[in-house]
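This report walks through one protein model for a reader at the bench, beginning with the ligand and moving on to the sheet, the helices and a few individual residues.

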Amino acid sequence: MTSNDPIFEVQDVTLRFGGVTSLNNVSIQHERGEILSVIGPNGAGKTSLFNCLTGVYVPQEGSITFHPSVTKAINIVGRPPHRVAHAGVARTFQTSRMFNALTTFENVKIGVEARQKTGPIGAMLKLPRTRHEEKYSDQRSHELLEFVNLTHRTNTLADSLPYGDRRRLEIARALGTDPKVLLLDEPAAGTNPSEKLALAELINRINTELDISILLIEHDMKLVMSLAERIIVLNFGGVIAEGTPQQIQNNPLVIEAYLGASDEAKQ
Ligand SMILES: Nc1ncnc2c1ncn2[C@@H]1O[C@H](COP(=O)(O)OP(=O)(O)OP(=O)(O)O)[C@@H](O)[C@H]1O
Ligand SMILES: [Mg+2]
(Lines give C-alpha, C1' and ligand atoms only; values in the text may rest on other atoms or scores of the structure.)
(Ligands and ions follow the chains in the order given, each with its own letter.)
Protein backbone atom coordinates (compact mmCIF):
# COMPACT_ATOMS: atom_id res chain seq x y z
CA MET A 1 0.00 0.00 0.00
CA THR A 2 1.40 3.39 -0.89
CA SER A 3 0.41 6.76 0.43
CA ASN A 4 1.73 10.29 0.50
CA ASP A 5 1.12 10.66 4.20
CA PRO A 6 2.47 7.82 6.32
CA ILE A 7 3.11 8.36 10.05
CA PHE A 8 5.49 5.38 10.28
CA GLU A 9 7.56 3.82 7.54
CA VAL A 10 9.33 0.61 8.44
CA GLN A 11 11.63 -0.70 5.77
CA ASP A 12 13.40 -4.08 5.69
CA VAL A 13 13.86 -4.22 9.46
CA THR A 14 15.72 -7.22 10.83
CA LEU A 15 16.27 -7.71 14.55
CA ARG A 16 18.32 -10.56 15.98
CA PHE A 17 19.15 -11.75 19.46
CA GLY A 18 22.04 -14.17 19.15
CA GLY A 19 20.66 -17.00 17.06
CA VAL A 20 17.03 -15.82 17.31
CA THR A 21 15.64 -13.65 14.53
CA SER A 22 12.76 -11.72 16.13
CA LEU A 23 12.00 -9.61 13.06
CA ASN A 24 12.92 -10.78 9.60
CA ASN A 25 13.00 -8.17 6.86
CA VAL A 26 9.81 -6.45 8.03
CA SER A 27 8.36 -3.60 5.96
CA ILE A 28 5.25 -1.81 7.19
CA GLN A 29 3.55 1.44 6.40
CA HIS A 30 1.21 3.04 8.95
CA GLU A 31 -0.98 5.77 7.47
CA ARG A 32 -1.61 8.97 9.39
CA GLY A 33 -4.96 8.75 11.16
CA GLU A 34 -5.26 5.02 10.70
CA ILE A 35 -6.12 2.33 13.26
CA LEU A 36 -3.70 -0.38 12.17
CA SER A 37 -3.56 -3.70 13.98
CA VAL A 38 -0.63 -6.08 14.27
CA ILE A 39 -1.59 -9.67 15.05
CA GLY A 40 0.20 -13.01 15.13
CA PRO A 41 0.82 -16.01 17.36
CA ASN A 42 2.89 -15.83 20.57
CA GLY A 43 6.52 -15.09 19.83
CA ALA A 44 5.74 -13.77 16.32
CA GLY A 45 7.67 -10.54 16.95
CA LYS A 46 4.86 -8.08 17.71
CA THR A 47 6.31 -6.61 20.90
CA SER A 48 9.77 -6.63 19.31
CA LEU A 49 8.35 -4.45 16.54
CA PHE A 50 6.95 -1.99 19.13
CA ASN A 51 10.32 -1.98 20.88
CA CYS A 52 12.01 -1.06 17.60
CA LEU A 53 9.46 1.67 16.87
CA THR A 54 10.01 3.23 20.31
CA GLY A 55 13.82 3.08 20.33
CA VAL A 56 14.05 0.33 22.97
CA TYR A 57 15.62 -2.12 20.52
CA VAL A 58 17.97 -1.10 17.72
CA PRO A 59 17.51 -3.37 14.70
CA GLN A 60 20.67 -4.63 12.96
CA GLU A 61 19.21 -3.83 9.54
CA GLY A 62 16.62 -1.58 7.97
CA SER A 63 15.16 1.85 8.58
CA ILE A 64 12.28 3.28 10.62
CA THR A 65 11.03 6.76 9.84
CA PHE A 66 8.47 8.59 11.97
CA HIS A 67 6.61 11.53 10.44
CA PRO A 68 5.12 13.67 13.24
CA SER A 69 3.73 15.89 10.47
CA VAL A 70 3.54 15.69 6.69
CA THR A 71 6.73 17.70 6.27
CA LYS A 72 8.84 16.17 9.06
CA ALA A 73 10.81 12.93 9.02
CA ILE A 74 12.57 11.54 12.08
CA ASN A 75 14.93 8.60 11.95
CA ILE A 76 14.08 6.28 14.87
CA VAL A 77 16.90 3.74 14.62
CA GLY A 78 19.55 4.67 17.18
CA ARG A 79 17.40 7.33 18.88
CA PRO A 80 16.95 6.69 22.62
CA PRO A 81 13.41 5.92 23.89
CA HIS A 82 12.90 9.22 25.75
CA ARG A 83 13.68 11.16 22.59
CA VAL A 84 11.34 8.99 20.54
CA ALA A 85 8.61 9.65 23.12
CA HIS A 86 9.34 13.36 22.98
CA ALA A 87 9.00 13.32 19.20
CA GLY A 88 5.39 12.12 19.56
CA VAL A 89 5.36 8.33 19.90
CA ALA A 90 3.58 6.95 22.99
CA ARG A 91 2.99 3.38 24.06
CA THR A 92 1.47 1.11 26.64
CA PHE A 93 3.09 -2.14 27.73
CA GLN A 94 1.97 -5.74 27.49
CA THR A 95 2.46 -6.09 31.24
CA SER A 96 1.33 -3.16 33.30
CA ARG A 97 3.99 -0.67 34.38
CA MET A 98 2.19 1.60 36.80
CA PHE A 99 3.61 3.14 39.93
CA ASN A 100 1.49 1.06 42.28
CA ALA A 101 2.07 3.19 45.36
CA LEU A 102 0.96 6.37 43.56
CA THR A 103 -2.60 7.48 42.86
CA THR A 104 -4.30 7.37 39.49
CA PHE A 105 -3.86 11.15 39.23
CA GLU A 106 -0.15 11.03 40.09
CA ASN A 107 0.47 8.31 37.49
CA VAL A 108 -1.09 10.42 34.74
CA LYS A 109 0.80 13.49 35.90
CA ILE A 110 4.09 11.65 35.45
CA GLY A 111 3.14 11.11 31.81
CA VAL A 112 2.29 14.78 31.33
CA GLU A 113 5.49 15.95 33.03
CA ALA A 114 7.67 13.61 30.97
CA ARG A 115 6.86 15.89 28.05
CA GLN A 116 7.63 19.18 29.76
CA LYS A 117 10.94 21.04 29.55
CA THR A 118 11.73 20.67 33.23
CA GLY A 119 10.88 16.97 33.40
CA PRO A 120 9.89 14.93 36.45
CA ILE A 121 13.17 15.60 38.32
CA GLY A 122 12.82 19.38 38.08
CA ALA A 123 9.19 19.03 39.10
CA MET A 124 10.17 17.04 42.18
CA LEU A 125 12.75 19.67 43.14
CA LYS A 126 10.12 22.37 42.60
CA LEU A 127 12.43 24.59 40.57
CA PRO A 128 10.86 28.08 40.20
CA ARG A 129 10.19 27.88 36.51
CA THR A 130 8.21 24.68 37.00
CA ARG A 131 5.32 26.36 38.87
CA HIS A 132 3.55 27.39 35.70
CA GLU A 133 4.15 23.94 34.24
CA GLU A 134 2.84 22.33 37.42
CA LYS A 135 -0.45 24.19 37.10
CA TYR A 136 -0.71 23.07 33.51
CA SER A 137 0.15 19.46 34.30
CA ASP A 138 -2.48 19.31 37.09
CA GLN A 139 -5.13 20.63 34.74
CA ARG A 140 -4.10 18.37 31.86
CA SER A 141 -4.01 15.30 34.13
CA HIS A 142 -7.59 15.98 35.28
CA GLU A 143 -8.71 16.43 31.68
CA LEU A 144 -7.14 13.13 30.66
CA LEU A 145 -8.72 11.27 33.58
CA GLU A 146 -12.06 12.65 32.48
CA PHE A 147 -11.38 11.60 28.89
CA VAL A 148 -10.78 7.98 29.92
CA ASN A 149 -13.68 8.05 32.44
CA LEU A 150 -11.54 7.66 35.53
CA THR A 151 -12.41 10.87 37.36
CA HIS A 152 -14.06 8.85 40.13
CA ARG A 153 -10.71 7.07 40.67
CA THR A 154 -8.56 10.24 40.86
CA ASN A 155 -7.24 9.51 44.35
CA THR A 156 -7.29 5.72 44.22
CA LEU A 157 -3.90 4.02 44.46
CA ALA A 158 -3.03 2.37 41.14
CA ASP A 159 -2.50 -0.86 43.03
CA SER A 160 -6.14 -1.14 44.03
CA LEU A 161 -7.72 -0.32 40.67
CA PRO A 162 -9.89 -2.95 38.98
CA TYR A 163 -8.12 -4.43 35.95
CA GLY A 164 -10.07 -2.59 33.25
CA ASP A 165 -9.50 0.75 35.00
CA ARG A 166 -5.82 0.00 35.26
CA ARG A 167 -5.53 -0.52 31.53
CA ARG A 168 -7.35 2.76 30.92
CA LEU A 169 -5.01 4.51 33.33
CA GLU A 170 -2.03 3.27 31.30
CA ILE A 171 -3.62 4.77 28.22
CA ALA A 172 -4.25 8.09 30.01
CA ARG A 173 -0.62 8.22 31.08
CA ALA A 174 0.54 7.56 27.51
CA LEU A 175 -1.78 10.32 26.27
CA GLY A 176 -0.15 12.68 28.76
CA THR A 177 2.88 12.94 26.49
CA ASP A 178 0.65 14.48 23.81
CA PRO A 179 1.49 11.91 21.13
CA LYS A 180 0.81 11.80 17.40
CA VAL A 181 0.71 8.02 17.45
CA LEU A 182 -0.24 5.60 20.21
CA LEU A 183 1.10 2.03 20.31
CA LEU A 184 -1.07 -0.32 22.37
CA ASP A 185 0.38 -3.73 23.30
CA GLU A 186 -2.52 -6.07 24.12
CA PRO A 187 -4.65 -3.46 25.92
CA ALA A 188 -7.57 -5.88 26.33
CA ALA A 189 -5.56 -8.72 27.88
CA GLY A 190 -7.23 -9.82 31.10
CA THR A 191 -10.29 -7.59 30.74
CA ASN A 192 -13.90 -8.80 30.86
CA PRO A 193 -16.41 -8.39 27.99
CA SER A 194 -17.88 -5.10 29.22
CA GLU A 195 -14.41 -3.67 29.86
CA LYS A 196 -13.48 -4.74 26.30
CA LEU A 197 -16.43 -2.82 24.88
CA ALA A 198 -15.49 0.29 26.85
CA LEU A 199 -11.91 -0.06 25.69
CA ALA A 200 -12.91 -0.32 22.03
CA GLU A 201 -14.98 2.83 22.41
CA LEU A 202 -12.07 4.63 24.09
CA ILE A 203 -9.62 3.63 21.35
CA ASN A 204 -12.05 4.93 18.72
CA ARG A 205 -12.43 8.22 20.60
CA ILE A 206 -8.65 8.65 20.88
CA ASN A 207 -8.44 8.15 17.14
CA THR A 208 -11.30 10.42 16.09
CA GLU A 209 -11.53 13.08 18.83
CA LEU A 210 -7.80 13.47 19.59
CA ASP A 211 -6.71 12.74 16.02
CA ILE A 212 -4.10 10.22 17.11
CA SER A 213 -3.01 7.35 14.85
CA ILE A 214 -3.29 3.94 16.54
CA LEU A 215 -1.10 0.87 16.24
CA LEU A 216 -2.76 -2.00 18.06
CA ILE A 217 -1.36 -5.38 19.06
CA GLU A 218 -4.21 -7.57 20.27
CA HIS A 219 -5.05 -11.26 20.57
CA ASP A 220 -8.78 -10.69 20.91
CA MET A 221 -9.95 -11.15 17.34
CA LYS A 222 -13.40 -9.68 17.91
CA LEU A 223 -11.84 -6.46 19.15
CA VAL A 224 -9.31 -6.34 16.31
CA MET A 225 -11.91 -7.02 13.63
CA SER A 226 -14.24 -4.33 15.00
CA LEU A 227 -11.56 -1.64 15.43
CA ALA A 228 -8.88 -2.03 12.79
CA GLU A 229 -9.07 -0.47 9.36
CA ARG A 230 -6.18 -2.66 8.27
CA ILE A 231 -4.37 -5.62 9.76
CA ILE A 232 -0.79 -6.86 9.44
CA VAL A 233 -0.04 -10.46 10.38
CA LEU A 234 3.35 -11.50 11.70
CA ASN A 235 4.56 -15.07 12.03
CA PHE A 236 8.09 -16.12 12.99
CA GLY A 237 9.24 -12.51 12.68
CA GLY A 238 7.99 -12.00 9.13
CA VAL A 239 4.92 -10.33 7.61
CA ILE A 240 2.76 -13.12 6.16
CA ALA A 241 -0.36 -11.12 5.31
CA GLU A 242 -1.75 -7.62 5.17
CA GLY A 243 -5.27 -6.40 4.40
CA THR A 244 -8.69 -5.38 5.62
CA PRO A 245 -10.26 -7.38 8.47
CA GLN A 246 -12.33 -9.29 5.93
CA GLN A 247 -9.32 -10.13 3.76
CA ILE A 248 -7.38 -11.30 6.79
CA GLN A 249 -10.23 -13.47 8.08
CA ASN A 250 -10.37 -15.28 4.75
CA ASN A 251 -6.63 -15.60 4.14
CA PRO A 252 -5.65 -19.30 4.29
CA LEU A 253 -2.08 -18.47 5.40
CA VAL A 254 -3.45 -16.57 8.37
CA ILE A 255 -5.97 -19.23 9.25
CA GLU A 256 -3.20 -21.78 9.24
CA ALA A 257 -0.65 -19.69 11.13
CA TYR A 258 -2.85 -17.97 13.63
CA LEU A 259 -6.60 -18.27 13.67
CA GLY A 260 -6.42 -22.05 13.69
CA ALA A 261 -3.57 -22.07 16.15
CA SER A 262 -5.44 -21.86 19.42
CA ASP A 263 -8.87 -21.47 20.93
CA GLU A 264 -7.78 -18.15 22.46
CA ALA A 265 -7.44 -16.70 18.96
CA LYS A 266 -11.02 -17.64 18.06
CA GLN A 267 -12.66 -15.72 20.90
N1 LIG B 1 15.39 -9.04 24.72
C2 LIG B 1 15.30 -10.21 24.07
N3 LIG B 1 16.29 -11.12 24.14
C4 LIG B 1 16.22 -12.30 23.50
N5 LIG B 1 15.17 -12.67 22.74
C6 LIG B 1 14.15 -11.81 22.63
C7 LIG B 1 14.15 -10.54 23.29
N8 LIG B 1 12.99 -9.89 22.99
C9 LIG B 1 12.30 -10.73 22.19
N10 LIG B 1 12.98 -11.87 21.98
C11 LIG B 1 12.55 -13.03 21.17
O12 LIG B 1 11.94 -12.55 19.99
C13 LIG B 1 10.85 -13.37 19.62
C14 LIG B 1 9.63 -12.49 19.47
O15 LIG B 1 9.19 -12.07 20.75
P16 LIG B 1 8.07 -10.96 20.95
O17 LIG B 1 8.00 -10.67 22.40
O18 LIG B 1 8.32 -9.84 20.04
O19 LIG B 1 6.77 -11.77 20.48
P20 LIG B 1 5.23 -11.33 20.54
O21 LIG B 1 4.70 -11.49 19.15
O22 LIG B 1 5.07 -10.03 21.20
O23 LIG B 1 4.61 -12.52 21.43
P24 LIG B 1 3.41 -12.48 22.52
O25 LIG B 1 2.12 -12.59 21.75
O26 LIG B 1 3.65 -13.72 23.33
O27 LIG B 1 3.53 -11.23 23.32
C28 LIG B 1 10.72 -14.44 20.68
O29 LIG B 1 11.35 -15.60 20.22
C30 LIG B 1 11.44 -13.84 21.86
O31 LIG B 1 11.97 -14.84 22.69
MG1 LIG C 1 4.17 -9.41 22.92
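Which residues surround ligand 1? In this predicted model, the shell around ligand 1 consists of Phe 17, Val 20, Ser 22, Gly 40, Asn 42, Gly 43, Ala 44, Gly 45, Lys 46, Thr 47, Ser 48 and Gln 94. Strand 2 (20–31) and helix 1 (46–53) are the elements that contribute two or more residues to that shell, and the largest share, three residues, is supplied by helix 1. Sorted by class, the residues around ligand 1 are three nonpolar, eight polar and one charged.

**Overall architecture**

The protein contains 10 helices and 10 strands, and 42% of its 267 residues count as buried. Among the contacts in the protein with a separation of 6 or more, 67% are made by residues 24 or more positions apart in the sequence.

**The sheet and its buried strand**

Six strands form an open sheet in the order 6-7-8-3-9-10, and the pairing within this sheet is mixed. Strand 6 (89–91) and strand 10 (238–243) stand at the edges, and because each has a single partner strand, one side of each is left without a neighbour in the sheet. On average, and with direction ignored, neighbouring strands of this sheet are turned by 20° against each other.

What surrounds strand 3, and how many of its residues are buried? All five of the five residues of strand 3 (residues 35–39) are buried, so this strand is largely enclosed by the rest of the structure. Ile 35, Ser 37 and Ile 39 point one way from strand 3, whereas Leu 36 and Val 38 point the other way, and the residues of both groups are buried. Strand 3 pairs in the parallel sense with strand 8 (residues 213–217) over four bridges, and it also pairs in the parallel sense with strand 9 (residues 230–235), again over four bridges. Ser 37 takes part in both pairings, having Leu 216 as its bridge partner in strand 8 and Ile 231 as its bridge partner in strand 9. Strand 8 is in turn joined by five bridges to strand 7 (residues 181–185), and these two strands run parallel; here the bridge partner of Leu 182 in strand 8 is Ile 214.

The parallel pairings described above can be set side by side as follows.

| Strands paired | Sense | Bridges |
|---|---|---|
| Strand 3 and strand 8 | parallel | four bridges |
| Strand 3 and strand 9 | parallel | four bridges |
| Strand 7 and strand 8 | parallel | five bridges |

**Helices 1 and 6**

Helix 1, which gives three residues to the shell around ligand 1, lies across strand 3, strand 6, strand 7, strand 8 and strand 9, and it runs at about 150° to strand 7.

Helix 6 is mostly covered, with 11 of its 13 residues buried. The buried residues of helix 6 include charged side chains as named by their residue types, among them Asp 165, Arg 166, Arg 167, Arg 168, Glu 170 and Arg 173, and the buried set also includes Leu 169, Ile 171, Ala 172, Ala 174 and Leu 175. At 1.5 Å a residue, the 13 residues of helix 6 (residues 163–175) should span 18 Å, and because the end C-alpha atoms are 19 Å apart, the expected and the computed span agree.

**Individual residues**

Two residues that are not glycine have a positive phi in this model. Asp 12, placed in strand 1 (residues 6–17), has a positive phi of about 50°, while Asp 211, in the loop between helix 7 (193–209) and strand 8, has a phi near 60°.

Are Asp 12 and Asp 211 buried or exposed? Asp 12 counts as exposed because it has 12 C-beta neighbours inside 10 Å, and Asp 211 likewise counts as exposed because it has 10 C-beta neighbours inside 10 Å; the cut-off for an exposed residue is 12 or fewer.

Ala 101 belongs to the loop between strand 6 and helix 3 (104–115), and with 9 C-beta neighbours inside 10 Å it also counts as exposed. Leaving aside neighbours within four places in sequence, Ala 101 is in contact with Leu 157 and Asp 159. Ala 101 and Leu 157 are 56 residues apart in sequence, yet their C-alpha atoms are 6.1 Å apart in space.

Note on methods
Residues are numbered from 1 along each chain as its sequence is written. Chains are lettered from A and ligands numbered from 1 in the order in which they are written. This is a predicted model: local features need pLDDT of at least 70, side-chain atom pairs count only at pLDDT 80 or more; totals for chains, interfaces and linings use all residues. A residue is buried if 20 or more other C-beta atoms lie within 10 Å of its own, exposed if 12 or fewer, and partly exposed in between; C-beta atoms are placed from the backbone. Two residues are in contact if their C-beta atoms, placed from the backbone, lie within 7 Å. Two strands pair if DSSP finds at least two bridges between them. A residue is near a molecule or strand if its C-beta atom, placed from the backbone, lies within 6 Å of it. The expected span of a helix is 1.5 Å times one less than its number of residues. Axes are lines fitted to C-alpha atoms, for helices over the stretch in contact, and angles run from 0 to 180 degrees between N-to-C directions.
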